[in-house]
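Student: I'd like a close look at one part of this model, please. Could you take me through it in one go, along with its surroundings?

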Amino acid sequence: MNWTLLVVTYEPLYVNCITLKLASQLRKLTNLLKKLRLKRGKCRFLSKCTVNRALFSENNSYFSGGEADIMQLLTQELAAEAIKKAMDLATKDYQRPVCVSVCDENGYLINFVRMDGAPIRCIEIALRKAYTAARMGISTGAFLNRLRQEQVEIGYFGDALFTALPGGSVIKNEVGQVIGAIGVSGLATSEDEKISEAVAAWASNQP
């Protein structure tokens, strides 16, 4: 008897039909899916490597050490909460409006807000800050330091959307994987950075 499973995988997101001929493979993948469901009830993607190792590993030692292969999804709900916190900080600490962007681990937009009165130019800047942080896996402030230390021009990275203006910060999951980023623009870059770093740290600690 054969079993066909529909598996949604990451790297990038696509749907893969896997036909299982061995009952042992079915048990292994079932165990993996149970493990993920019990983790915290959040939606998670599987990497192709995760699926393959789950199916073809000789023993189950993989299941106790495979957390790095689990990618937690940055939800719309969390993105909206992060944006609200950023707006609250801008209002409370600086009494000025900002633009805030939250993207996924690939740099694609999840949520964006332009506060009333925020400069038009800050729309694109906030989007690019979040995008750059997610793509590079580091804050835009750290990216700027790297460019200066290595004396490299930003254009050498081959992405016209990159920016090195501070104010873009990565959001990570519980095992340190980048699951998204936040970009803030509208204040001095040091102030943008303080907000983005504070909100990213908060979001990274959410279940």
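In the hairpin of E7 and E8, which residue takes a positive phi?

Tutor: Happy to. Please keep in mind that this is a predicted model. The residue is glycine 176, with a phi near 90 degrees, and the hairpin has 5 residues between its strands.

Let's begin with the two strands on either side of that turn. E7 covers residues 168-172, and E8 covers 178-185. They run antiparallel and are joined by 5 bridges. One pairing you can pick out by eye is isoleucine 171, whose bridge partner in E8 is glycine 180. E7 is largely enclosed by the rest of the structure, because 4 of its 5 residues are buried.

The hairpin belongs to an open sheet of 4 strands, in the order E6-E5-E8-E7, with antiparallel pairing. E7 is an edge strand and so is E6: each of them pairs on one side only. From one strand to the next, the twist averages 15 degrees. In general, strands of a sheet pair through backbone hydrogen bonds, whether parallel or antiparallel. Away from the hairpin, E5 and E6 are also linked antiparallel, over 5 bridges, and there serine 101 sits opposite phenylalanine 112 of E6.

Now for what covers the hairpin. Helix H7 packs on the sheet, touching E7 and E8, and its direction makes about 5 degrees with that of E7. The buried residues of H7 include Ile195, Val199, Ala200 and Ala203, but also Glu191 and Asp192. Their packing partners are H4, helix H5 (121-136), E7 and E8. The length of H7 is a handy check: 16 residues at 1.5 Å each should span 22 Å, and the end C-alpha atoms are indeed 22 Å apart, which agrees.

Between E8 and H7 there is a loop, and glycine 186 is found in it. Leaving aside neighbours within four places in sequence, glycine 186 is in contact with Arg96, Pro97, Val98, Cys122 and Asp192. Its C-alpha atom is 6.2 Å from that of cysteine 99, although the two are 87 residues apart in sequence.

Strand and helix come together in the largest nonpolar core, which has 21 residues; Val98, Val100, Val102, Ile182 and Ile195 touch the most other members. At least two residues come from each of H4, E5, E8 and H7, and H4 gives the largest share, with 7. Apart from this core lies another, of 7 residues, including Cys103, Ala130, Ala133 and Val170.

Valine 102 shows how the E8 side meets the rest: not counting residues up to four places away in sequence, its contacts include Ala181 and Ile182, along with Leu74, Ala79, Ala82 and Ile83. Asn111 is also on the contact list of valine 102, and takes us across to E6, the strand in which asparagine 111 lies. With 18% relative accessibility, asparagine 111 counts as buried, because the cut-off for that is under 20%. The side chain of asparagine 111 makes a polar contact of 2.5 Å with that of glutamine 76. Beyond four places in sequence, the contacts of asparagine 111 also take in Ala79, Ala80 and Ile83, as well as Val100, Ser101 and Val102.

Technical notes: Residues numbered from 1 in each chain as written. Predicted model: local features only at pLDDT ≥ 70, side-chain atom pairs only at ≥ 80, totals over all residues. Heavy atoms only, no water. Core = buried A, V, L, I, M, F, W, Y, C linked by side-chain atoms within 4.5 Å. Buried < 20%, exposed > 50% of the residue type's maximum accessible area, 1.4 Å probe, protein only. Contact = heavy atoms within 4.5 Å. Expected span 1.5 Å × (residues − 1). Polar contact = N/O pair within 3.5 Å; in protein donor to acceptor, adjacent residues only side chain to side chain. Pairing = 2+ DSSP bridges. Axes fitted to C-alpha atoms, helices over the stretch in contact; angles between N-to-C directions.
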